[in-house]
Amino acid sequence: MMRRTVVIAGATGFIGSYFQRRFLQEGWQVRTVGRDASADAQWHDDGAITKVLDGAELLVNLAGRSVNCRYDERHRRQILDSRVLTTRALGRAVAACAEPPRTWINSSTGTIYRHAEDHPQSEVSGELGSGFSVDVARAWEDELAAAVVPGTRKVPLRIAIVLGAGGVMSPLRNLARLGLGGHMGPGTQKFSWIHVEDLFRTVLFVHDHGELSGPVNAATPHPVDNRELMAMVRRSMGVPFGIPTPAWLLEAGAVLIRTQTELVLKSRWVEPRKLLDAGFAFEYPSLAGALNEIANAHPKPSLT
């Protein structure tokens, strides 16, 4: 039997390396597109990307510079280009394939929705927000929509904050370890998230369910607020207390650690309506279960 082939673009990050390992475990052949010399095709080489994609069953694009930085002019340009130009390059390559992938799942972000503390934002009823992050998300999805690839189903995946070993958990765990793991700002802002294993399972599910089209929200149906989030991070690490951080202090601290307060102060309330309606079952629906899995997979170093 021929092995199924997936092409992962942007496979070196926290999510990409996890996906590579899981696809291989599931028996898929994995090809990669990226900046590194180790990738099967590099971004500047359209011909090589087409060759890698030709005959593959699934394309998963995770490429995009980290948004965990200060949004100065240079970083804004890098954040936008690393999403839009890579999606454009993949569109050209898929269009040139003799045997294009059946499904193209392209990263997008749950941050595309407005700051919401009143009700969840689904794919149908959700309201898009405004500001730099939303502009990037819109441009990213517009670029996918513009790709002329009639033989390929295109799905933008609006991904919430992904939890696993690494990613956003590292700074939160570090804060808790230092005793600074209290709530941030008002503490009422919603935290929409998904465990990296459920994100991987979502990609397979979307690929196998051809009836799913348009944007799909990838988030657990059980978000928490920031107050609950930090309490659970502390509990999973055995840290009894945490000092809360007011918004003004976060602003000052964010400059020092070169990041944006939006990453913790924006209320993201993303509802996975399409996944739930199609019958997707989350392996880690609750934050407590997800954090316990992460803590057990990465136990604290012993002092002996």
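Helices and strands here are DSSP runs, counted from the N terminus, with at least four residues for a helix and at least two for a strand. With that in hand, Glu117 is easy to place: this residue sits in the loop between strand 5 and helix 4 (132-146).

**View 1. The whole protein, before we zoom in.** What you're looking at is a predicted model. How many helices and strands does the protein have? There are eleven helices and twelve strands. The C-alpha trace spans about 60 × 45 × 40 Å along its principal axes. A compact globule of 304 residues would have a radius of gyration near 19 Å, and the protein, at 19 Å, agrees with that. Of those 304 residues, 53% count as buried. Take the contacts between residues at least 6 apart in sequence, and 78% of them join residues at least 24 apart. The accessible surface comes to about 13,900 Å², with 56% of that belonging to carbon and sulfur atoms. As for charge, there are 34 positive and 31 negative side chains, and the centres of the two sets lie 5 Å apart.

**View 2. The largest nonpolar core, around Phe23.** In soluble globular proteins, nonpolar side chains tend to be buried together. Here the largest such core has 31 residues, and Phe19, Phe23 and Leu199 are the ones with the most contacts inside it. Strand 1 (5-9), helix 1 (14-25), strand 4 (58-61), strand 6 (153-159), helix 6 (196-208) and strand 11 (216-218) each give two or more residues to this core. Helix 6 gives the most, with seven residues. Zoom in on Phe23 and, setting aside residues up to four places away in sequence, you'll find it touching Val6, Ile8, Trp28, Val30, Leu58, Phe200, Val203 and Leu204. Another core, of 22 residues, lies apart from this one; Leu172, Ala176, Leu250 and Tyr284 are among its members.

**View 3. Thr202, tucked into helix 6.** Look along helix 6 and you'll come to Thr202. Is Thr202 buried or exposed? Its relative accessibility is 0%, so Thr202 counts as buried. Beyond its neighbours within four places in sequence, Thr202 is in contact with Leu157, Ile194, Ala218, Leu275 and Phe280.

**View 4. Thr109 in strand 5, beside Ile159.** Strand 5 covers residues 103-109, and Thr109 belongs to it. Thr109 has a relative accessible area of 18%; buried means under 20%, so this residue makes the cut. Which residues does Thr109 contact, leaving aside neighbours within four places in sequence? They are Ala137, Trp140, Leu157, Arg158 and Ile159. Thr109 and Ile159 are 50 residues apart in sequence, yet their C-alpha atoms are 4.6 Å apart in space.

**View 5. Glu117, out in the loop.** Back to the residue we started with: Glu117 is partly exposed, because its relative accessibility is 38%. Not counting residues up to four places away in sequence, Glu117 touches Thr188, Gln189, Ser267 and Trp269. Now pick out Arg177, which is 60 residues from Glu117 along the chain: 29 Å separates their C-alpha atoms.

**View 6. Asn226 in helix 7.** Helix 7 takes in residues 226-237, and Asn226 is part of it. With a relative accessible area of 3%, Asn226 is buried. Skip its neighbours within four places in sequence, and the contacts of Asn226 are His183, Met184, Gly187, Gln189 and Val264. You've met Gln189 already, as one of the residues that Glu117 touches.

Definitions and conventions: Residues numbered from 1 in each chain as written. Predicted model: local features only at pLDDT ≥ 70, side-chain atom pairs only at ≥ 80, totals over all residues. Heavy atoms only, no water. Rg over C-alpha atoms; globule rule 2.2 N^0.38 Å. Buried < 20%, exposed > 50% of the residue type's maximum accessible area, 1.4 Å probe, protein only. Contact = heavy atoms within 4.5 Å. Areas by Shrake-Rupley, 256 points an atom, 1.4 Å probe, with all protein chains shown as cover. Lys, Arg positive; Asp, Glu negative; His and termini not counted. Charge placed at Lys NZ, Arg CZ, Asp CG, Glu CD. Core = buried A, V, L, I, M, F, W, Y, C linked by side-chain atoms within 4.5 Å.
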